[in-house]
Amino acid sequence: MAADLTSVPRGTGLPVDWDLAAATGARLVPAGPVVTPEQAAAEVSRLREGARAGEQHVRDLTGLGAGLPVPEAMVVDRPGWIRSAVDGIAALLGDVPGPRAPEGLVGDALGRVTRSASGLQMGTLLAFLGSRVLGQYDPFGGEDRAGRLLLVAPNVVAAQRALDVDAQDFALWVCLHEATHRLQFTAVDWLRDHFRAEVATFAGGFDRTASGAVDRLPEVLRAVRRDPPRDGLALVEALQGPEQRAVLDRLLALTTLLEGHAEHVMDAVGPEVVPSVASIRARFTQRRRGGSLVDRVLRTLLGVDAKIKQYEQGRVFVDQVVDVVGLSGLNAVWTSPDTLPRRAEITDPAAWVARVHG
């Protein structure tokens, strides 16, 4: 059920020991909730059927993907998700140029240390996320890098129990979100290559960003003292040069749209499909914002709180656009990269409507 790491391209420019990252994450991730074999089999069945049924509901609602095949979802455990995530990240970053290592024995030793340290750091991050991710569509994983939908059964069970909601409804609700992501990348034929190119452009500028940040450090420190950044993302932006910041703006706008679109769809299918959708949404939103002090600190450091903000901002954008021009009008967003919302438009949906629909 896990990805085969032998398929990971080893020529990635970024210095990460991907095998070490996968092994570290799988070793550190905590065990899932206790279930009987019968309960585990029932959850796997619910998720597989939910992925099939969920995508059809998403197609009916959005008008996207008519006639496309519906691939099977992969139901995985926590280590399985970590191994698949490593596979997908390595595939996505496979063409990103990395820093040139010095030659010779010293250079080789430094390269191994850097790769190992990065692998340990990546594995630790994935171990934290691996106990929280409910599902994920990886547009660059699977056979022939055609994409795959992953559903993390232990995490779905843990969340369903914590929320005390109907297991069948919750499984389908989660599947609706991930099926929307799958349709975004399969029904919009240019999106996968566009997203890959933007990530490669952004990651490929890390060296320039690092050297430029050193030159701008006094200016950045003065700005931080005047106006302390509200989150880690704001500090990252302060360290970017103009070119990198423009790419980051486009990436943030795109990913916020993708998450907001999925958030809108998973609720918009309505109680006819998920009878307890209102209760699930209310309890899930509260849980997403909660957690212990340590958990909240970790989420902030790892950027998870920024991701939650993306869900909320993206959903408001999609909700307001749909209120004005309907779902068919929103679908104009998928016409080309030029019709994607700009970052400023995410918080000003009327500006996007005016630009795209006149």
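R196 sits in helix α7, which covers residues 191-204. Keep in mind that this is a predicted model. The chain has 358 residues, of which 46% count as buried, and its secondary structure comes to 15 helices and 3 strands. If you look at contacts between residues at least 6 apart in sequence, 77% of them join residues at least 24 apart. Here's a quick tour, starting with that arginine.

**R196 in α7**

- R196 counts as partly exposed, because its relative accessibility is 24%, and the partly exposed class lies between 20% and 50%.
- Leaving aside residues up to four places away in sequence, R196 touches A91, L92 and F140.
- L92 is 104 residues away from R196 in sequence, yet the two C-alpha atoms are 6.5 Å apart in space.
- L92 also belongs to helix α3, which spans residues 78-92.

**R182 in α6**

- Another arginine to click on is R182, found in helix α6 (residues 167-187).
- R182 has 3% relative accessibility, so it counts as buried; the cut-off for that class is under 20%.
- Its contacts, again without residues up to four places away in sequence, are A51, E55, V70, P71, E72, Y137 and L149.
- Two of those partners, A51 and E55, fall within helix α2 (residues 37-62).
- Y137 falls in strand β2 (135-138), while L149 falls in strand β3 (residues 148-152).

**The sheet**

- The 3 strands make an open sheet with mixed pairing, and the order across it is β1-β3-β2.
- β1 (74-76) and β2 (135-138) are the edge strands: each has a single partner strand, so one side of each has no neighbour in the sheet.
- From one strand to the next, the twist averages 25°.
- β2 and β3 are paired antiparallel, with 4 bridges between them.
- Within the sheet, Q136 is opposite L150 of β3.
- Helix α3 lies across β1, β2 and β3, and runs at about 150° to β3.

**α1 against α3**

- Besides lying across the strands, α3 packs with helix α1 (residues 18-28) at an angle of about 155°, and the two axes are 9 Å apart.
- That angle makes the two helices roughly antiparallel, because the class takes in angles over 145 degrees.
- The crossing of α1 past α3 is right-handed.
- On the α1 side, the contact uses W18, A21, A22, G25 and A26; α3 brings P79, I82, R83, V86, I89 and A90.
- Sorted by class, that contact has 9 nonpolar, 1 polar and 1 charged residues.

**α2 against α5**

- Helix α2 also packs with helix α5 (residues 153-163), at an angle of about 100° and with axes 10 Å apart.
- α2 and α5 are therefore roughly perpendicular, since angles from 65 to 115 degrees get that label.
- Here Q39, E43 and L47 of α2 meet A153, V156, V157 and R161 of α5.
- This contact splits into 4 nonpolar, 1 polar and 2 charged residues.

Definitions and conventions: Residues numbered from 1 in each chain as written. Predicted model: local features only at pLDDT ≥ 70, side-chain atom pairs only at ≥ 80, totals over all residues. Heavy atoms only, no water. Axes fitted to C-alpha atoms, helices over the stretch in contact; angles between N-to-C directions. Parallel < 35°, antiparallel > 145°, perpendicular 65-115°, else oblique. Left-handed = near helix turned anticlockwise from the far one by under 90°. Contact = heavy atoms within 4.5 Å. Nonpolar A, V, L, I, M, F, W, Y, C, P; charged D, E, K, R; others polar. Buried < 20%, exposed > 50% of the residue type's maximum accessible area, 1.4 Å probe, protein only. Pairing = 2+ DSSP bridges.
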